[in-house]
Amino acid sequence: MPPAQEKAGPAISVAGLRRDYGDRPALDGVDLELAAGSSLVVLGPNGAGKTTLLRILATLLRPSGGEVSVLGCSLPDEAWKLRGRIGYLGHEPLLYRDLSGRENLRFGSRLYGIERGAAEARIEELLRAVGMERRADERVAELSAGMRQRISIARCVLHEPELLLLDEPDSNLDAEGRELARGLIGPGPGRTRVVVTHDPERHEAEADQVLRLGIGERAVVS
Amino acid sequence: MTPSRTAFAAILAKDLRSELRTLQSLPAMALFAVTTFVVFRFGLDRTSLSGSLASGVLWATLLFAAVLGINRLFVSEREEGGFDAIRLAPIDRTVLFAAKAAALVIYLAALELVTVPIFAIFFLEDAAGLGPLVAVLLLADLGLAATGTLISSMAVNSRARDLLVPLVLLPLSIPLMIAATGATEPLLSLGGPSYDRFGTWLMVLGLYDLIFGLVGYAVFDFLLED
């Protein structure tokens, strides 16, 4: 854990978070605090604002109101300090369809400033970890949805982020894929995670905290 | 923060690799330009052009061909999550503007490499003006790339993207076209190139490039916000 984060306290601190889309509130008064090294599972029906919450924490959306602090950085003002420290796995795989899986990972490594030699070693390690080393040179457009998700998981952890923000990480994965992914993005010592899921049975048991979002209801942390 | 030149090279290389693999923009731009020359040739019923008419035909064709490429410039970022990937990375976001503009300059240069000789075969009796024309093409490409990248990044999130790009780009490119045609006209005049006010028009093109380059640099970060 970086020293700055130890001093800063919780990995995530949210108070009275609001996000509106036009006149419609997607999130209305969310409060939560997540300690570094803990897992938070976010549950709720479709349209409850789970993905919106995750995108705000990832600095991809601006909150409409309330206070948000992630890894000691206040959002949205200090979002620039946070980039590069988050691993985000969204609904979209964030992969270019005309590049191969390996080329996508190389592109990601350049954006994160990973030195070429280290990047190649890391890419090989991750491709093995997600079981994609044999299909890594095929264009993403030619891969199945599950294979894209595996590459996407590798992309998410490529830069060894301090915080993982995972939106339906199991989607499209088979049993083997889920097991392989668990090694990279599952709960582990020192790994801080926020997981949005529709599969509470699988993830709730592993969570240190559960946030339940409802439509038009106050968010509840347990 | 990742050094800007590393991120710039990564984004530019990614775009060029994708274009080489899919050929989504360049062949369409070139085909459009060549077809337009054919239309002009038969529409004007002339086998040779010179001066302002030659200049006008060349630049109108190149501008409309460029619109095709500009329309597609950010499509992969929009449809494949590239905007999010870049917004999550520890990079100066204006690097994306610079890399996309550089990619567009390369597309336009490739387009001109194919179409300007065809234009010369179709319409010019004397190709002596093509040498100095390179400077005009280069400066106009830079301006078109700066404006086009800016407009394309704004329009890409709209469903009316194909309509918005020409509607906004064409009025903004009028000063660029006036300067480009003004610089090209004496180069393609009957009896060989002359350099009447050539330098002045090049300076106008340079000024346009500078203004739109700076505007793009200043506002691009805000355009990437949600």
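These are my notes from looking through a predicted model of a complex with chains A and B.

**Confidence first.** I checked the scores before anything else. The predictor gives the complex an ipTM of 0.88 and a pTM of 0.91. For chain B the average pLDDT is 93, and 100% of the residues score at least 70. I then looked up where chain B dips and peaks: helix α4 (residues 75–79) of chain B has the lowest confidence, with a mean of 88, while α9(B) has the highest, at 97.

**Helix α10 of chain B.** I went to residues 198–223 of chain B, which make up α10. I count 26 residues there, and the distance from first C-alpha to last is 36 Å, close to the 38 Å expected at 1.5 Å a residue. Still, I found a kink of about 30 degrees, centred on Tyr217(B).

Which residues of α10(B) are buried? My list has Trp201(B), Leu202(B), Val204(B), Leu205(B), Tyr208(B), Asp209(B), Phe212(B), Gly213(B), Gly216(B) and Phe220(B). A reminder to myself on the spacing: an α-helix has 3.6 residues a turn, so residues three or four places apart point the same way. As for partners, the buried residues of α10(B) pack against α6 (94–123), α7 (130–155) and α9 (174–184) of chain B.

**Where B meets A.** I looked up the contacts between the chains: 23 residues of chain B touch 22 residues of chain A. On the chain B side, the elements giving two or more residues are α1 (4–22) and α5 (82–88). α1(B) gives the most, with eight residues. Sorted by class, that side of chain B has nine nonpolar, seven polar and seven charged residues.

**Domains of chain A.** The domain assignment splits chain A into domain 1 (3–85 + 161–221) and domain 2 (99–160). I note that their C-alpha centres are 24 Å apart. Between them, 14 residues of domain 1 are in contact with 13 residues of domain 2. The domain 1 side of that contact breaks down into seven nonpolar, five polar and two charged residues.

**One residue up close: Val30(A).** I picked Val30(A), which sits in strand β2 (residues 24–34) of chain A. Is Val30(A) buried or exposed? I put it down as buried, because it has 25 C-beta neighbours inside 10 Å and the cut-off for buried is 20 or more. Leaving out residues up to four places away in sequence, Val30(A) touches Val14(A), Leu17(A), Leu53(A) and Ala219(A). I also looked at Arg18(A): it is 12 residues from Val30(A) along the chain, and their C-alpha atoms are separated by 7.0 Å.

Key
Residues numbered from 1 in each chain as written. Chains lettered and ligands numbered in written order. Predicted model: local features only at pLDDT ≥ 70, side-chain atom pairs only at ≥ 80, totals over all residues. Helix = DSSP H or I, 4+ residues; strand = E, 2+ residues; numbered from the N terminus. Expected span 1.5 Å × (residues − 1). Bend = angle between axes of the 7 residues up to and from the residue. Buried ≥ 20, exposed ≤ 12 C-beta atoms within 10 Å, placed from the backbone. Contact = placed C-beta atoms within 7 Å. Nonpolar A, V, L, I, M, F, W, Y, C, P; charged D, E, K, R; others polar. Domains from an automatic or database assignment. pLDDT = per-residue confidence, 0-100.
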